[in-house]
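Morning, everyone. I'd like to take a few minutes on salt bridges. Please have a look at the model first.

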Amino acid sequence: RVFLRVGSANYFGTVYVNGVKVGSHEGGHLPFAFEINDQIKWGAENIIAISVENTLKPERVPSGNMPTRTAFDSLSSTPRTTFDFYPFCGIHRPVVLYTVPQTYIEDVTVVTTIEPQAQVKVKVKLNAAVDGKGSVQLKGGKAVLTADLNFSDGVAEATLIVPDAHLWSDKDPYLYDLTVNSNDDQYSLKVGIRTIAVDGGKVLLNGRPVKLNGFGRHEDFPATAKALNLPLIVKDYQLMRWTGANAYRTSHYPYSEEEMQMADRQGFLIIDEIPAVSLQMSDTVRFPERLRMCLQQIDEMIARDKNHPAVVMWCVANEPMPAGISVGASGSGANDPVYEEENLPGKRFLDAEIAHVRELDMTRPVTIVTVGGGPQNWMEQCDVICMNRYHGWYSLGGQLDKARQALEAELDQVWDRFHKPIIMTEFGADTVPGFHGMPDVMWTEEYQAEYVRFHLEVAAERDFVAGMQVWNFADFAAVQGLMRVGGINHKGVFTRVRTPKMAAHVLREFWTK
Ligand code: GCB
């Protein structure tokens, strides 16, 4: 059985073999595969064609070319996205042709627990409802553990008890080798034994409090844009480690599978996000179409990434935009009951996404990342509160003392309301590399350094802050407009070619001490 698998095609891909359409897929940054046996000409030359349609559409996720002007339009010009990164399209990731036996392993789910003893539970699903035997093997250090699989209707489960387990963590990312055998097929993957949980204001990794410090990022680099760039992945992990970071969010779409494998190996804690950036919640007409797309993206992301120990949280929206918000409304989240009530349709949309994640995976916390000025009750269903706030940039610019007070007040108020861990998933200041100033005015490296410093100080005073993730790891391509000098978002603590700005040294000072 021959399959063609596309790693990512933005936004709508159609596959043809010898001129015959074999299937289509909507949505970028997530893989899809079609079986192509019926179209193959054996012993002859075959032609594979993939067309990719890259139009920004209002009903798509993410959306663009909205029929009416949005808050984002007032500050950006072209292309008309609803979000702040360049919509590089096309085929971003490898396309592979592969074969499997007639009866093959269609899915493997691994769940690890550590109490009262370490266990690796493996669930295996074949593509056909057959009965039969198989086995699983777990290897690590000197230990080799095995268990039988008894397939009934194509499904089998096994539990391996692991004595003296070597746990996976950000400090010691130990990986075991798991191999699954069915009668005809074999599949191998790396397994990290760890648990992730939330308790009060803390995120617990293997039962111990952990902070998720690091970045919001983008897959972005000159010349390669969003395409898979393996040396860049190595470089970026080196630089993140150099700052002392142990975490990042795949803002604003799932990253390549190679990025996720590297996170497993390097011990990074990932908040994995679907491409639902800036959902326009005033636009209720397009809700059904967009929700369908979001649920599909959730299905596909969890199917792809559920076995990575590095993935510790699912995120189903970045900055959903309520009715009546303007870009720059980055002050406090709004807890006015009337405003919250007005925006209940948006809340229902987000709650539906969160409920869907919980149906698929109960082993990880789930969240949405909220915008400054957004209704606070949208966070209600989240296990962890994730906030993007720009006190000292989009609001109170140039007034770091007042910005600090505003940040403190908002963090304390949100904690009082929800009593859940808070991660600041974005805070940042645009900084032209090499631009200096005394006094430290906006856009200078000094300003960014002081801005980052006060955020980390405020967080250090609050136990319930479970992580600080700077926006952004590196400068990245954005759309053209008044806010983006040279079409670049300059909030990176590294430049687009990965040289450090002063702020990167501040991070290192805090995170490596
Ligand atoms: C945000 C968005 C992010 C933008 C950032 C900015 O809140 O989530 O996509 O790039 O602000 O720099 O304005």
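I'll go through the salt bridges, pair by pair, and then turn to a network.

A reminder: this is a predicted model. The count comes to 39 salt bridges.

Start with Arg484 and Asp84. Their side chains meet in a salt bridge, 2.9 Å from N to O. This pair links distant parts of the chain, 400 residues apart. Arg484 sits in the loop between strands E29 and E30. Asp84 is in the loop between strands E7 and E8. Now, buried or exposed? Arg484 is buried, at 5% relative accessible area. Asp84 has 19%, and the cut-off for buried is under 20%, so Asp84 counts as buried too.

Next, Arg498 and Asp236. Again a salt bridge, with N to O at 2.9 Å. Arg498 lies in the loop between E30 and helix H8, Asp236 in helix H1, so the pair ties together parts 262 residues apart in sequence. Both Arg498 and Asp236 are buried.

Third pair: Glu380 and Lys347. Their closest N and O atoms are 3.1 Å apart. Glu380 is in the loop between strands E24 and E25, and Lys347 is in helix H5, so this salt bridge ties together parts 33 residues apart in sequence. How accessible are the two partners? Lys347 is buried, at 9%. Glu380 is partly exposed, at 36%.

Last, the network. Which residues does it link? On the acidic side, Glu26, Glu53 and Glu289. On the basic side, Lys57, Arg60 and Arg292. Salt bridges join these residues in a network.

That's my tour. Over to you.

Notes. Residues numbered from 1 in each chain as written. Predicted model: local features only at pLDDT ≥ 70, side-chain atom pairs only at ≥ 80, totals over all residues. Heavy atoms only, no water. Salt bridge = Lys/Arg side-chain N within 4 Å of Asp/Glu carboxyl O. Helix = DSSP H or I, 4+ residues; strand = E, 2+ residues; numbered from the N terminus. Buried < 20%, exposed > 50% of the residue type's maximum accessible area, 1.4 Å probe, protein only.
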